[in-house]
Amino acid sequence: MGGHVGGEEAHEAQPLFETEVSKGTKLAYRVYAVTVLIGICSIWVYRSMNIPTAEEKGRWAWIGMFMAELWFGFYWIITQSVRWNVTHRYTFKDRLINRYGDKLPAVDIFVCTADPTMEPPTMVISTVLSVMSYNYPPDKLSVYLSDDGGSEFTFHALLEASRFSKHWIPFCKKFSVEPRSPLAYFAQNSKPEDPKVAKEWLAIKKLYEEMKCRIESAIEKGCISKDIRDQHKGFSEWNSEVTKQDHQPIVQILIDRRNPDAVDDDGHQLPTLVYVAREKRPQFPHNFKAGSMNSLIRVSSEISNAPIILNVDCDMYSNNSDAIKEALCFFMDKERGHMISYVQYPQSYDNITKNDIYSNMGLVYGCLVEDIITGLTIQCRGWKPVYYNPERTAFLGVAPNTLDISLVQHKRWCEGMFQIFLSKYCPFTYGYDKIKLGAQTGYCLYLLWAPNSIALLYYLIIPSICLLHGIPLFPEVSSLWFLPFAYVYAARNACGIAEALACGDTLKAWWNSQRMWYFRRTTSYLFAFIDTITRQLGFSQSAFSITAKVVDDDVLERYEEGTMEFGTSSVMFTIIATLSLLNFFGFTAGILKIIWGYGFAEGLTVQIGLCLVVVVINLPVYQALFLRDDNGRIPSSVVFKSLVLASLACLIPVY
């Protein structure tokens with residue numbers, strides 16, 4: 001007995017996870033970083049030593065280029081200060097459930113949705129069902145759906161899900177189903193060959209399709225029928241006075257684990273399931289998702305009050321039924337658990353195409369607004385977060401499948417992050433003397449996306465206009481000063497390609513990511529910068545844009561084919577088209593100068609090359625402007641406006 005107890009104590013003392021430091025490419029990366037830094041400094045020296053005199057044309061254009069390159073250089077240094085640190089990989093010693101059993105803590109899961117049109121209820125409840133089905137004691141699991149749209153359709157869908165869960169959860173656990181989102185599972189898996197399994201598979205799929213049909217039928221009719229309303233007292237909360245922005249608080253417990261009748265088909269207890277629609281009034285700010293999270297914490301503290309919270313977006317279903325137990329390995333480790341504040345998973349998607357046309361794969365929740373404030377605050381108090389990317393992806397969601405949606409999403413994120421930089425939570429002030437300078441600059445890497453747009457726009461516009469006027473802004477290729485420009489450009493792209501290929505991307509996917517960063521910096525970041533500044537000056541108020549999760553079949557077909565989707569008269573597309581045409585005009589003018597006998601002696605070679613790079617990046621834009629005839633092309637109104645704006649830009653004088 002004594003030996004057995006001692007063995008248990010030794011087992012308890014073992015760490016729940018191990019940390020491995022990735023060192024393989026550390027030296028090579030640092031050589032790259034140092035040499036690029038030398039190149040950047042050489043460019044700054046060249047600019048400062050060769051500023052045109054007051055009598056020469058292009059003096060202010062040259063100074064502007066110098067300022068843009070100073071910004072690019074400092075921003076690159078911030079980027080490298082983050083990447084200079086080593087990365088870690090985590091492995092687990094054993095299953096947490098085997099170690100602690102009944103000692104496991106209770107977990108509250110928060111799922112947030114905001115609009116039943118943009119975020120279909122069938123998608124929302126599939127996420128809810130996936131987290132209800134975790135391999136975790138159901139008596140310690142509570143799921144809360146926050147419906148910021150205050151929609152009776154979402155409530156109806158959750159009511160249906162509560163009934164379906166009695167069949168779905170035991171099915172998942174019996175056959176070790178992955179993923180446990182019924183929407184994703186039935187889309188990815190066909191009928192099993194085993195007749196016995198196939199029978200149950202068909203039965204559960206039939207129940208799911210019937211549930212889905214009832215939910216979608218109610219939405220199509222635009223109202224909840226009396227028969228459905230009579231099924232639950234919760235529907236009495238909705239009347240003619242309830243609107244999305246003006247309604248009372250609604251809290252309905254659909255499954256109460258304290259109820260002995262709350263069991264599944266196998267007689268096992270079900271997790272608690274709660275619907276929450278916080279109070280909203282037009283005259284009071286509700287602070288978007290942050291306000292929603294605060295309401296969820298207040299509600300859950302009265303019902304389950306779990307010490308651990310898992311926050312999930314409605315479109316990010318659980319793809320790993322052991323995700324909770326793996327995350328808890330960090331918190332419950334006896335040696336290091338007390339130092340860990342939260343565990344962060346990467347944002348991954350199940351609808352990424354082969355070449356990832358919209359570059360959806362750098363997206364990480366750790367760079368989003370609420371997580372930056374949380375992470376900064378927690379680190380300043382001495383705790384540390386964990387970024388964990390397991391072998392089996394923990395969560396999968398729906399990536400934007402149109403360019404417009406992708407740009408709007410980035411505009412929303414970028415705007416929020418720039419607001420943080422201008423607030424009391426700026427890492428350089430809030431984190432001063434609390435966290436290391438490297439950590440401060442690491443946060444600012446994301447917070448300064450918005451002003452990045454100004455320098456890039458200058459770099460895209462002025463060289464093209466100067467090329468049209470025959471004004472050189474770069475050294476000639478025969479000059480030694482050309483080498484730092486060429487090296488920095490080549491080294492950065494070579495490093496990017498190597499990293500992309502090492503991560504399993506294709507070369508085309510890397511090129512698509514370059515195009516998307518170009519689009520985002522010239523549109524999403526620009527509007528985020530403008531909106532944030534006007535809001536700081538009191539000229540506008542905060543707004544929240546929800547990204548649509550559903551598109552038409554023809555749009556989806558073009559997405560799967562890798563064809564970029566425009567199709568709307570967005571002002572962002574006007575900017576993209578105008579810049580593409582301006583650089584095309586500049587490149588054409590440069591080639592004509594060569595043909596007409598100017599040769600390369602005028603020092604315009606680099607500007608021609610720069611315009612050529614922009615032209616190649618914008619090939620899909622030219623196709624959408626002039627060659628395509630499908631609904632995803634750029635509308636004629638945008639074509640006209642961009643042609644006029646690009647033509648006017650060519651006439652801008654250069655000083």
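Let me start with the place where two helices meet: from helix 21, the residues Asn583, Phe584, Gly586, Phe587, Gly590, Ile591 and Ile594 come into contact with Ile608, Cys611, Leu612, Val614 and Val615 of helix 22. Please keep in mind throughout that this is a predicted model. Helix 21 and helix 22 pack with their axes 8 Å apart and at an angle of about 135°, and since only angles over 145 count as roughly antiparallel, these two helices are therefore oblique to each other. The crossing in which helix 21 passes helix 22 is left-handed.

Staying with these helices, which residues of helix 23 are buried? In helix 23, which covers residues 619-627, they are Pro620, Val621, Tyr622, Ala624 and Leu625, and the buried residues of this helix pack against helix 21 (571-595) and helix 22 (605-617), and also against helix 18 (507-522) and helix 24 (636-649).

I turn now to the sheet. This is an open sheet of 5 strands, whose order is 5-6-4-3-7 and whose pairing is mixed. Strand 5 (250-255) and strand 7 (308-313) stand at the edges, and because each has a single partner strand, one side of each is left without a neighbour in the sheet. On average, and with direction ignored, neighbouring strands here are turned by 20° against each other. Further in, strand 3, residues 107-113, pairs with strand 4, residues 141-147, in the parallel sense over 7 bridges, and valine 107 has leucine 141 in strand 4 as its bridge partner.

Two helices that pack on this sheet deserve a word. Helix 5, residues 121-132, touches strand 3, strand 4, strand 5, strand 6 (272-277) and strand 7, and its direction makes about 165° with that of strand 4. Helix 6 touches strand 3, strand 4, strand 5 and strand 6, with a direction that makes about 20° with that of strand 5.

That brings me to the nonpolar cores. The largest has 69 residues, and those with the most contacts inside it are Ile109, Tyr134, Trp168 and Ile324. Helix 6, residues 152-175, gives the most to this core, contributing 11 residues. What is tryptophan 168 in contact with, once its neighbours within four places in sequence are left aside? The contacts of tryptophan 168 are then Leu129, Ser133, Val177, Arg180, Ser181, Pro182, Tyr185, Phe186 and Ile204. Apart from the largest core lies another, of 38 residues, including Leu403, Leu625, Ile634 and Val638; Leu625 is also one of the buried residues of helix 23.

Key:
Residues numbered from 1 in each chain as written. Predicted model: local features only at pLDDT ≥ 70, side-chain atom pairs only at ≥ 80, totals over all residues. Heavy atoms only, no water. Core = buried A, V, L, I, M, F, W, Y, C linked by side-chain atoms within 4.5 Å. Buried < 20%, exposed > 50% of the residue type's maximum accessible area, 1.4 Å probe, protein only. Helix = DSSP H or I, 4+ residues; strand = E, 2+ residues; numbered from the N terminus. Contact = heavy atoms within 4.5 Å. Pairing = 2+ DSSP bridges. Axes fitted to C-alpha atoms, helices over the stretch in contact; angles between N-to-C directions. Parallel < 35°, antiparallel > 145°, perpendicular 65-115°, else oblique. Left-handed = near helix turned anticlockwise from the far one by under 90°.
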